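Me: I would like to learn how to read a model like this one, feature by feature, beginning with the charged pairs. Could you give me the general idea each time and then the case at hand?

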Amino acid sequence: MRTALGLFHFNVQYHAGDVSAYHRYCTEAILPFLAIVDEKPDYRLTFELCGSGLEFLAEHYPGAVDLIRSLVERGKLEL
């Protein structure tokens, strides 16, 4: 089975000041995406994330950063 997934680049500057948009993107796109990558043993992906986006995740969703780190260490995600 093949899967195609499209996500927008998470750059908080696109919605500067709209914190609700940052949270929405995290909860509706990034977190579900990371969960799918984690549960699929054959998935190997590249994930682009700007520094300010990573900082936002670290501040508000530290579990997501831990999961990113784990996926990178297991060779499932290239950051």
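Reply: Let us begin with a pair inside one helix, bearing in mind that this is a predicted model. The side chains of Arg69 and Asp66 meet in a salt bridge, with 3.4 Å from N to O, and both residues lie in helix H3, three residues apart, which is about one turn of the helix.

Me: Why does a spacing of three or four places matter in a helix?

Reply: An α-helix has 3.6 residues a turn, so residues three or four places apart point the same way. In helix H1, Arg24 and Glu28 are four residues apart and are therefore separated by about one helical turn; these two form a salt bridge whose closest N and O atoms are 3.3 Å apart.

Me: How many salt bridges are there by this rule, and which residue forms one with Asp38?

Reply: The count comes to three salt bridges. Asp38 is paired with Arg74, the closest N and O atoms being 2.5 Å apart, and this pair links distant parts of the chain, since Asp38 sits in helix H1 while Arg74 sits in the loop between H3 and strand E2 (77–78), 36 residues away.

Me: Are the charged partners buried or exposed, beginning with Arg24 and Glu28?

Reply: To answer this one needs the cut-offs: a residue is called buried under 20% relative accessible area, exposed over 50%, and partly exposed in between. Arg24 and Glu28 are both exposed. Arg74, with a relative accessible area of 41%, is partly exposed because that value lies between the two limits, and Asp38, at 34%, is partly exposed as well. In helix H3, Arg69 has a relative accessible area of 46% and Asp66 one of 45%, so both are partly exposed.

Me: Turning from charges to the interior, which residues touch the most other members of the largest nonpolar core?

Reply: A nonpolar core is read by asking which buried nonpolar side chains are joined to one another. The largest one here has 18 residues, and Ile30, Leu34, Phe47, Leu57 and Ile68 touch the most other members. Helix H1 (19–39), helix H2 (51–60) and helix H3 (62–73) each supply at least two residues of this core, and H1 gives the most, with eight residues.

Me: What does Ile68 touch, once residues up to four places away in sequence are not counted?

Reply: Leaving out those sequence neighbours, Ile68 touches Leu34, Phe47, Leu49, Leu57, Leu77 and Leu79. For the protein as a whole, residues 24 or more positions apart account for 62% of the contacts with a separation of 6 or more.

Me: How do I read the two sides of a helix, and which residues of H2 are buried?

Reply: The idea is to look down the helix axis and ask where the buried residues point. In H2, Gly53, Phe56 and Leu57 are buried, and, seen down the axis of H2, the buried residues fall within an arc of 100°, so they line one face of the helix. On the other side of H2, Glu55 and Glu59 are exposed, whereas what covers the buried residues of H2 includes H1 and H3.

Me: Where is Leu54 found, and which residues form a nonpolar patch with Leu54 on the surface?

Reply: Leu54 is found in helix H2, and Leu54 is partly exposed, with a relative accessible area of 31%. Together with Val72 and Leu79, Leu54 forms a nonpolar patch on the surface, for which the accessible area comes to about 230 Å².

Me: What does Leu31 touch, again not counting residues up to four places away in sequence?

Reply: Leu31, whose place is in helix H1, touches Cys26, Tyr61 and Ala64 on that count. At 27% relative accessibility Leu31 counts as partly exposed. Leu31 and Gly63 are 32 residues apart in sequence and 9.4 Å apart in space, C-alpha to C-alpha.

Me: Finally, how many helices and strands does the protein have, and in what order do the elements run?

Reply: There are three helices and two strands, and from the N terminus on the elements run α-β-α-α-β. Of the 79 residues, 30% count as buried, and the accessible surface comes to about 5300 Å², of which 54% belongs to carbon and sulfur atoms.

Note on methods
Residues are numbered from 1 along each chain as its sequence is written. This is a predicted model: local features need pLDDT of at least 70, side-chain atom pairs count only at pLDDT 80 or more; totals for chains, interfaces and linings use all residues. Side-chain values use heavy atoms; hydrogens and water are left out. A nonpolar core is a set of buried Ala, Val, Leu, Ile, Met, Phe, Trp, Tyr and Cys residues joined through side-chain atoms within 4.5 Å. Buried means under 20% relative accessible area, exposed over 50%, partly exposed in between (1.4 Å probe, protein chains only). Contact means heavy atoms within 4.5 Å. Patches are made of residues with over 30% relative accessible area and no salt bridge: like charges are joined within 9 Å, nonpolar side chains (Val, Leu, Ile, Met, Phe, Trp, Tyr) within 5 Å. Accessible areas come from the Shrake-Rupley method with a 1.4 Å probe; for residues, only the protein chains shown count as cover. A salt bridge is a side-chain nitrogen of Lys or Arg within 4 Å of a carboxyl oxygen of Asp or Glu. The arc is that of the directions from the helix axis to the C-beta atoms.
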